[in-house]
Protein chains: 4
Amino acid sequence: MAVSKFAYVKSFEQPDSLLPNTYIVVRVDGHAFHRLSQDHQFIRPNDDRALQLMDHAAKDVMKEFTDIVMAFGESDEYSFLFRKTSTAHKRRHAKILSIVTSTFTSSYAFHWSKYLPNTPLQYPPTFDARVVLYPSAKEIRDYFSWRQSDTHVNNLYNTIFWALVQQAGETTSRAHEILKGTVSKQKNEMLYSRFGINYNDLPLRYRKGTTLVREKATSENTLDGREKPSSEVVVLHCDIIKDEFWDGRRHLLE
Amino acid sequence: MAVSKFAYVKSFEQPDSLLPNTYIVVRVDGHAFHRLSQDHQFIRPNDDRALQLMDHAAKDVMKEFTDIVMAFGESDEYSFLFRKTSTAHKRRHAKILSIVTSTFTSSYAFHWSKYLPNTPLQYPPTFDARVVLYPSAKEIRDYFSWRQSDTHVNNLYNTIFWALVQQAGETTSRAHEILKGTVSKQKNEMLYSRFGINYNDLPLRYRKGTTLVREKATSENTLDGREKPSSEVVVLHCDIIKDEFWDGRRHLLE
Amino acid sequence: MAVSKFAYVKSFEQPDSLLPNTYIVVRVDGHAFHRLSQDHQFIRPNDDRALQLMDHAAKDVMKEFTDIVMAFGESDEYSFLFRKTSTAHKRRHAKILSIVTSTFTSSYAFHWSKYLPNTPLQYPPTFDARVVLYPSAKEIRDYFSWRQSDTHVNNLYNTIFWALVQQAGETTSRAHEILKGTVSKQKNEMLYSRFGINYNDLPLRYRKGTTLVREKATSENTLDGREKPSSEVVVLHCDIIKDEFWDGRRHLLE
Amino acid sequence: MAVSKFAYVKSFEQPDSLLPNTYIVVRVDGHAFHRLSQDHQFIRPNDDRALQLMDHAAKDVMKEFTDIVMAFGESDEYSFLFRKTSTAHKRRHAKILSIVTSTFTSSYAFHWSKYLPNTPLQYPPTFDARVVLYPSAKEIRDYFSWRQSDTHVNNLYNTIFWALVQQAGETTSRAHEILKGTVSKQKNEMLYSRFGINYNDLPLRYRKGTTLVREKATSENTLDGREKPSSEVVVLHCDIIKDEFWDGRRHLLE
C-alpha cells in the first residue's frame, strides 16, 4: 500500500507555466447554451436577467483573481484580462484555466435563483474556456474591439430577427431568409421602417456588452493618515473600441 | 465596427491537441475546500453526504463524456480516465479540461441541496483540475494504485486523528503531535487499544474510495431481436490495486 | 556590468521535457537538397556515394546517442528511434533535436570528401529535423513501414523516370507526363518492356533503404572471464515492414 | 506496400508555431567544446581564428534567415534575434531551431580550414541550441546585456587565469585557487601589478564579443532611378548594454 511505489506517475505531469510578461486572456463560453436558453425561456433577443447573472459570475471571478484588471461580456461569453506581470498560480496554465472556469460556473449556478427567481434551474449549466496569450497592448485593444464589434453585429442581427418572428409573425427559417445577405444599413432601415425601432435607442447593455473594470480607487485612509490603496470593480456599458475608454485607464495595460 | 479588422487576434490561439492514442487522465481537486468543509460543518473524518455528492458530480461528468471509462474519487478529488483512442473535442486540451471542470463544479453546486438538505450552501464551491497523459496501461494501473494507496494513508491518519480529538478530547495540534512519526501499524494499534476501532471494519467507501466503472452491458434487445449494446456506470468501493479488479474489466485499458 | 541584474531573462526559457516512457523519433531531412544534389552532380536515380555518406552521418548520431536503438534512411532523410525509457538530456526537446541535427550535419560535411573525393563540397550542406512522440510499439512499426513504403514508391518512380530521361532521351517534363497516373504495375512493366530492367533485381539498398540496428552483442570477455555486454550498430538493407525483422529483435521495442 | 495505410502516423506530429508578434531568440552553444578546443590547441584565453570562424558561421545563419536582424557571439556561443513580426517557416519551432543549428554547424565545419589552416579538424564539431521567446523590447535589451556582461566576466577571469598559468607558471588548479573569491577590482589590479596588463587595453573583440547587425542600407539605385532597399550585415565589437547602440538602430526592435 506504499504510496511512494506509485508516486512516479506524478512525473508525467508536465510544467505548463505561461510565458512571463505577456497578457493572459481567458475566454469563458456557454456550453450547450442554445438548449439551456430555450429550456429556461430566456427572453429574446436579450434577457436582462441572464445577462446580469453573467455579470455577477464574472465579478466573482475578478474577486478570486485580483490580477484580472478587466473583463468583457456579451451573450453567454466573458473574456478576462490578467495584468501582464501577473504571477497568479505561478502562471500555471491548467490552474488558471480550471479555476476561472470553475469559479464562473459555480457562481452562475449558485446565483441563478436571484436573477431568475421564477424559472427554476433544471440542470447544471456548463461553460468551456480557453487561454490566449498576447505580447503587446495593441493586441489587447484589438482583442476587446473584436469582441465588442462582434456584440454589435450579433445584436443588430438578433434584434431584427426576433422582431420579424415576434412582431411580424415570421417563422425563424423565413426570418433568416429575409436577412440573408443584408448589410448593417439595410438591417437598421428595416428595423426602423417595419418596427419603428431606432437601433441607437436600444439599451447600451445590448449594443455595447458589459465591461468590468478594476479601478484604482484610494478610498480609505489608514489610522495613521496614510492612504491605503484599494480597488473596486466598476460595471460599464460603453464603447471600448475608441481611445477614450483606454486613455483614462492606462493602468489596465500598464 | 468591422469584426474582420480585429479578427487577426484569433490567430494567437494556439493548437493544443493532446498526443493521440494516449490515456488522458483529468484530476479534479477541491479548491479551498478546507474552508468550505468547515463552513458547512462536514462530519469528520468522513462525511457520507459530501462523498456522495462528489460521486454524483463525477457521474454527471461521465454522462457528458462517454469516452470516460472509469473514475476514482476520494475526499475532495476525482480522477477521470478517458479511453486512449478518445477523440472527444478533437482531444483539445483546453476544451477537455474546462468542460470536465465546469461539469463537475456545476453538478456539485446544483445537487448540493439533495445531499445536504439541512446545510444551505453559503457560497459557490470551486475546483481546480489538471490533465495528465499516460502512454501505457501499466502507468494507468499505477496511477489508480497511487490514488487508492493515498486514500488509505489519509483515511487511517484522519480516523485516528479525529478519534483523538472527538473522543479523547485532544486539541488538533496535540493530536498531530501524538501521531507525528508513527507508522501504519502503530496507528492501527492505537485505534484499537484506545478506541476499540478495528480499522478493517470501517466502511469500504472510506478505506477504498469510490470507483466508477463504465460497464459494457448488453441489456436491451432491439425490436428485430438484435442486441443493442449499451453501457452503464457502476459504483464500486473495492480494491483497484490488485489484478482482480482489472482482470475482469479488460475493456478499461483496451 | 552585473550579470545578475539581467539574468531574469533566463526565466523565459520554458521547460520542454518530452512525455516520459514514450518512443522518441527524430527525422532529419535534407534542406534545399534538390539544389545541392544538382550542384554536385549526384548520380540519378541513386547515388551510392551520397547514400553511404548519409549512413556514415547516421552512425555518428548513434554513437553520440547510445539510446538510439535503430535508424532508417532513404534519399536525403534519416529517422532515429530512441528507446522509450531514454532519459538522454533529461528528454529535453531542444537539446535532443539540436544535437541530433548538429551531429548529423557536421558528420555529413566532415566526411563528404571520403565518399565524394572528386566532387569538392561547394558550400555547407544543411538539414532540418523534427521530433515526434509515439506511445506504443505498433505505431513505431507503422512509422518505419510508412518510411519504407515511401522508399519503394519513390524509388520505383525515380528509376523509370530517369530511365526515360537518360536512356530514352525524354525531357524531364515529358517523362513526368508519361508517368502521370500510372500505377506500380504499369511502371514495373514499362521498366521491363522498354528498358529490360527487372525492378526486383535492383540493389536492395535502393529498394529497401538503409536500416541501422543496435544489436546487443556480447563480444568481449573481461579479464576475469565475465562477459562484458557491448553493442554494435549493424547496417541492413532488408524489409522492415513484415514481422520477421522485428521478431528477431524484440529489444528494439522493449 | 501502400504508403497510405501507414500515413496516419504523421498525425502524431504536433503543431509547434511560436506565439506571433514575439521576439524569437535562438542561442547556439558549442557541444563538448572544452574537448574540441583542447584537441585543436586553441590559443588561450582567446583564439582569434576560432572566434572569426564563429562569426563566419553566424553570418551564414543570417544569410539563411533574413528575418534575423542581429546576433551576438562570445566564446563558443551565438545568439540570434528574429524580428518579432517574422513569419519564417510559419514560425514553426522545430524548423527554426533545426535549420539555425544545422546552418551554423555546417558552416563552422565547412570553413574551419580557412581560419585554422594548419590545424586539421579531427572530428565533426557539434552545437546544441534553444529557442526563447520574449514579448517586449526591454527584455531583448536585457537579454543582450546579460550575454555581454557574461562576456566581460568570463574574459576578465580567463585573462588573469591564463596569465597565471602561462606567464607565472602556476598549475591550473592553483590558478583557480588564487582567483577564488576575488572581485573584478582585485582581478584588474592583479592583472596590472603582476603582469603589466591594463584590462581596458585588451582588444574590444575579447571584452565586448562580436555583434552582427543587419543595417538598412539603401546602397543601390535601380535602372529607373528608384532606390532599391537592401541590407548588409555589419560586424561590431562595441558596448550593447548602454542606450547609444540601440538609439541609432531603432529598426532592430521595430
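Select D:D142 and display the residues around it: setting aside neighbours within four places in sequence, D:D142 is in contact with C:F6, C:Y8 and C:V9, where contact means heavy atoms within 4.5 Å. D:D142 lies in helix α5 (residues 137–166) of chain D. Helices (H or I, at least four residues) and strands (E, at least two) are DSSP runs, numbered from the N terminus. With a relative accessible area of 11%, D:D142 is buried; buried means under 20% relative accessible area, exposed over 50%, and partly exposed in between, with a 1.4 Å probe and protein chains only.

The model is predicted: local features need pLDDT of at least 70 and side-chain atom pairs count only at pLDDT 80 or more, while totals for chains, interfaces and linings use all residues. Residues are numbered from 1 along each chain as its sequence is written, chains are lettered from A and ligands numbered from 1 in the order in which they are written, and side-chain values use heavy atoms, with hydrogens and water left out.

**Chain A as a whole**

Next, select chain A. Its secondary structure comes to 9 helices and 6 strands, and its C-alpha trace spans about 70 × 55 × 35 Å along the principal axes. Of the 254 residues in chain A, 58% are buried. Among the contacts in chain A with a separation of 6 or more, 70% join residues 24 or more positions apart.

Now restrict the selection to residues 7–135 of chain A, which UniProt lists, in an unreviewed entry, as "domain: tRNAHis guanylyltransferase catalytic". UniProt positions are given in the numbering used here, feature names are shortened, and annotations may be inferred rather than shown by experiment. This span is 36% helix and 24% strand, and its end C-alpha atoms lie 37 Å apart.

**The annotated binding site**

Within chain A, select A:D29, A:G30 and A:D76, which the UniProt annotation "binding site" (unreviewed entry) covers. A UniProt "binding site" annotation, also from an unreviewed entry, covers A:D29 and A:D76. These two span 48 residues in sequence, yet no two of their C-alpha atoms are more than 5.9 Å apart, so they gather at one spot.

Begin with A:D29, which is placed in strand β1 (residues 23–31) of chain A. A:D29 counts as buried, at 16% relative accessibility. Leaving aside neighbours within four places in sequence, the contacts of A:D29 are A:D76, A:E77, A:T126, A:F127 and A:D128.

A:G30 also lies in strand β1 of chain A. Is A:G30 buried or exposed? At 17% relative accessibility, A:G30 counts as buried. Not counting residues up to four places away in sequence, A:G30 touches A:D76, A:T126 and A:F127.

Move then to A:D76, in the loop between β2 (68–74) and β3 (77–82) of chain A. Which residues does A:D76 contact, leaving aside its neighbours within four places in sequence? They are A:V28, A:D29, A:G30, A:F33, A:M54 and A:F127.

**Helices α3 and α4 of chain A**

Select helix α3 (residues 48–64) and helix α4 (residues 93–115) of chain A, whose axes come within 8 Å and cross at roughly 135 degrees. Axes are lines fitted to C-alpha atoms, for helices over the stretch in contact, and angles run from 0 to 180 degrees between N-to-C directions. α3(A) and α4(A) are therefore oblique to each other; angles under 35 degrees count as roughly parallel, over 145 as roughly antiparallel, 65 to 115 as roughly perpendicular and the rest as oblique.

The crossing of α3(A) and α4(A) is right-handed; a crossing is left-handed if the near helix is turned anticlockwise from the far one by less than a right angle, and right-handed if clockwise. The residues making this contact include A:M54, A:A57 and A:V61 of α3(A) and A:V100, A:F104 and A:W112 of α4(A).

**From chain A to chain B**

Keep α4(A) and add helix α4 (residues 93–115) of chain B: the two helices pack at an angle of about 35 degrees, with their axes 8 Å apart. α4(A) passes α4(B) in a right-handed crossing. Among the residues in this contact are A:L97, A:T101 and A:T105 of α4(A) and B:L97, B:T101 and B:T105 of α4(B).

**Helix α5 of chain A**

Finally, select helix α5 (residues 137–166) of chain A. At 1.5 Å a residue, its 30 residues should span 44 Å, and its end C-alpha atoms are 43 Å apart, which agrees; the expected span is 1.5 Å times one less than the number of residues. α5(A) is mostly covered, with 22 of its 30 residues buried.
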